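Visitor: I would like a close look at a single part of this model. Please take one helix and go through how it sits among its neighbours, then move on to other parts if there is room.

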Amino acid sequence: MQYNKINNLLGWLCFVIASITYILTLEPSVSFWDCGEFISCAYRMQVAHQPGYPLFAMLGKAFSLLSFGNNAKVPYFTNMGSAIASGATIMFLFWTITALAKKLLQNKPGEVADEARTYLIMGAGLVGALAFTFTDTFWFSAVETIVFALSSLCTAIVFWAILKWDAHADEPGADKWIIFIAYVIGLSIGIHLLNLLTIPAIAIVYYFRRGRNVNAGSAIGAFLLGVLILVLIQYGIRGYTVKIAAYFDLFFVNSLGLGFGSGALVFFLLLIGVLVLAIWYSIKNKKPLLNLALLCVAFIYFGYSSFAYIPIRATADPDLDNSHPDNAFTLYGYLNRIQYGENPLLYGQYFDAKVVDQTEGSTIYRKGDTKYENAGKKTNYIYDHTTILPRMYSAEGQDPQFYRQWLQMGDQAPPTFSDNIKWMFSWQIYQMYVRYFLWNFVGRYSDADGQQSMTAIDGNWTGGILNGSSHLPKSVVGGSTIPGQGIQLGTTYTPLFYLPFILGLFGAVYHFQRKKRDALVVLLLFFFTGLAIVLYVNQPSIQPRERDYSYVGSFYAFAIWIGLGVIALAELIRLKANPKMAAIAATAICLLAVPAVLAKQEWKAHDRSTKMTPHDMAYNYLISCPPNAILFTYGDNDTYSLWYDQEVEGIRADVRIVNLSLFTGDWYIHQMQKKMNQSAPLPITMPYKKYEEGVRDVIYFDDKKIPGPVEVKDIFDFVTSDDKAAQVQYQSGDFGNYLPTKNFKITVNADDVLKNHVISADQKDRLATEMVWKYTSNYITKENLAMLDILAHNNWVRPICFTTTIGQENLIGLQPYLYKEGFTYHLMPLKPDSANRDQLSKTNSLVMYDNIMNKFKYGNFKTAKYLDHESTTMFYPVMITTFLDLAQGLIKDGHPDLALKALHKYDQELPDLNPGLDVADRKIFMAQTAYTLHDVVLANKFITSVDNYVTDQLDYNYYLMQNNSGDLSIRDVQYGVSFINGMASITGENHQTALNTKLKNQLKDYESKFASLLQRQQQ
């Protein structure tokens, strides 16, 4: 069979194997994080978060149509889009490896490969492509609706295409491949920007093939030119095209009096005209290089034109319309992610720096009724403690504390440049890149978040050989299935025994020895899609989640070397065997040692085919709300999947979801003043002019010593007043509103409360005459201002709820009036229960009981083959706390029989997991509650569960202590011994003799083992 036929057939075979793998392990519904937003925006053609993903949305829409009207199947088919794109990525990786392997093995240009050589080339392609198929990070993105699957496909296509061009560069018309690459790069901007990072490697391939005098100096020049092209596309074509269009529009609208968009339209027509004329000039004057460059620019613009989707759909005003980029100025800000702020790159402040001066920057324009308006100027701050290459720059939240903790700095020690570089190498590069690389090619302990420690097992890498695995906790290594449940313990313990890493390293060394130029190209791809991202993004500190998905292009490049490692191994075997047998043997050995091991180890950690937790947890948030409720959320995982449930499946479309992190934007407040699905506009009375960009962005507290609490409506009227008498004048001469008191109240109209069924009839005697609380911040930002507007003018018409996972700082002091009704707190004007130490544990018990027992869904929690990190560490603790608070609330309200039923419902629906000491602590309280309700069997079951977990942790820590390991957790030891002591007391009080004796013996044993440690801590 011809070489090309074999190459094509095996490439398609890799596609089939990978696609089937991903479809079999596909998540059947929405996933956590951005996926809910992406599916919603694809299905209803809406505008996602910055910087926009228009082509991804359009392709997602096409796949969603395969659901044929069954909206619950929409995410399955959009997820399948990722699976098929990922399968295609594997196919192009196979062809990329075979192209490089063919160059590696051919001594003469155009030489036909013999049979042995063909076997070896195909073996290299199969091993490398199938190895990458089963790697952790790539597989994770392949089974959910996320941009990284399609982005990887774009990377694979352009890198394959430049090798295709390289193979045919001397043939007429070969430069069509360069133009094709430019078009794919343009298209990829509408998916994700990661594809741009292939450009330096592409430039070097072009230089090596077309360069007349290849040497180190000119190679560096070609590399720098590649970087320059990358910068020009990123900031010139992608950014400044829109910025220039915006200033054209400013002139045409404000100076010429034409309509919005007229100037942008003229600019784009001029741009098209200039490109056409320039291409015509290059043809007429026979300038092929200029012609190629201009055609590439034109085709990048063709691909980039998918972004026309953004202002078109924004103008249609869909439900999800992030930033409302309906004009060129807003679109430019949207493309540049101004919502997320800027990180200093080459020069900037340290985290302890103080602002010593400030200067005015460029003018900020906003769209007015008929003209663009001046919304103020950007402020540039000048700091007293700065450095080149600032890495430790964030003064936000706990970031300074984490810097000091990580580098073991003193509390007052100023950071130095040496500290700055140590942070860059130890945290940014090692912890947030190298660790991810090793996950994929060496192995991983667990999917726990491991950002905060280089040595702890949580979220760390391991090869499974030298890690003392026989002493690791059962919660990590697993090896068994929880009785009566589908979940395996330790599903994310995936040691790979260093095999992929060793083979890849072997392949890289061999590649550099035999084909330095090609190896350098792969190295550039590896660097720019890995370490270069680390240096450019400049992550400030702990991230909301692990960021391994950002570096998948780097792992793709390493997989090329895994494939070439087969050739290196075959060369060794050829010392003892003929070339054909060496090729077959090397391929067989490597297939078994790498792809087979990866598939076996990683499958259980990626089989999401039975997981429904994101969908059902979102459903529970929505179903916990009374009819027509306003639901305040904050984070990704209590917002995006809720959007999906509403926007796609139409679940509880009467509930208005208000994300407080977006509520800071004038565009979002304005959207909330409109009808959405079945939800009426929110009772926000402010006209747009009172909160538009640059107006009342922040209102500071200035205590005027007002006696007693003040009505929220009066406070709201005061802080939104345009009367100069109600404002303060600043040194600049500008006037601004201020907050004169933090003591708020709402006088309760009992008729409104009862008419709108805010409370039940039997709660009427607990109704307060006024709600009094203290505002908890020193300033009011836009989201708080809008919330006060709602509180002042809602008049109890619509229920006001907060998700139970929201941060307390977002509750603005309303805790005494918040009652749990499931996954939400319901604002209720009942007399405060001052005796309750935990104000957020209060329940509206009978409503909550009905929600949890009769309405909640449990996401296959107990039967799923695999539960992800968010399910086990975020929502499992939420579930156990919800059931515990319900049981306590029912007992307090005189319903012990219902409380016991609630505990049995928990036991029936949820698996026996112990993801951490906090859950173990709650289970002890749950056991105590079960004893109180006289269900000894259930209580003993909870106690036994906690005991097994705690002793497992203590045994592991004892092993660490015996080996003088710095990883010993003193906290775990102290809490573990304390828990056993507490359980011994509880079982003793409830006459559980056998269990009590066991616990006492354990307590005595561990107090003896850890005696020196416990005594030191007591001193």
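Guide: What follows is a walk through helix 22, then a buried loop residue, then a sheet with its helices. The model is predicted.

Helix 22 covers residues 579–593, 15 residues in all. From its first C-alpha to its last, helix 22 reaches 21 Å, which is close to the 21 Å expected at 1.5 Å a residue. At the N-terminal end, helix 22 is capped by Asn578. A side-chain oxygen of Asn578 lies 3.1 Å from the backbone nitrogen of Lys580.

The buried residues of helix 22 are Ala582, Ala583, Ala586, Thr587 and Cys590. Seen down the helix axis, these buried residues fall within an arc of 125°, so they line one face of helix 22. Their packing partners are helix 5 (115–133), helix 18 (499–514), helix 21 (552–573) and helix 23 (595–602).

Helix 21 leads to the next site. The loop between helix 20 (531–537) and helix 21 holds Glu546. Glu546 counts as buried because its relative accessibility is 10%, and the cut-off for buried is under 20%. The side chain of Glu546 makes a polar contact of 2.8 Å with the side chain of Arg435. A polar contact of 2.6 Å joins the side chain of Glu546 to that of Tyr436. Leaving aside residues up to four places away in sequence, Glu546 touches Arg435 and Tyr436, and also Trp439, Ala448, Asp449, Gly450 and Gln451.

The last part is a sheet. Four strands form an open sheet in the order 11-12-9-15, and the pairing is mixed. Strand 11 (727–729) and strand 15 (779–781) are the edge strands, each pairing on one side only. From one strand to the next, the twist averages 40°. Strand 9 (residues 698–701) and strand 12 (residues 735–739) run parallel and are joined by two bridges. In one of these strands, strand 12, Tyr738 is the bridge partner of Tyr700.

Two helices can be placed against these strands. Helix 27 (residues 712–719) packs on the sheet and touches strand 9, strand 12 and strand 15. The direction of helix 27 makes about 165° with that of strand 12. Helix 29 (residues 782–793) lies across strand 9 and strand 15, and runs at about 85° to strand 15.

Conventions
Residues numbered from 1 in each chain as written. Predicted model: local features only at pLDDT ≥ 70, side-chain atom pairs only at ≥ 80, totals over all residues. Heavy atoms only, no water. Expected span 1.5 Å × (residues − 1). Buried < 20%, exposed > 50% of the residue type's maximum accessible area, 1.4 Å probe, protein only. Arc of directions from axis to C-beta. Contact = heavy atoms within 4.5 Å. Polar contact = N/O pair within 3.5 Å; in protein donor to acceptor, adjacent residues only side chain to side chain. Pairing = 2+ DSSP bridges. Axes fitted to C-alpha atoms, helices over the stretch in contact; angles between N-to-C directions.
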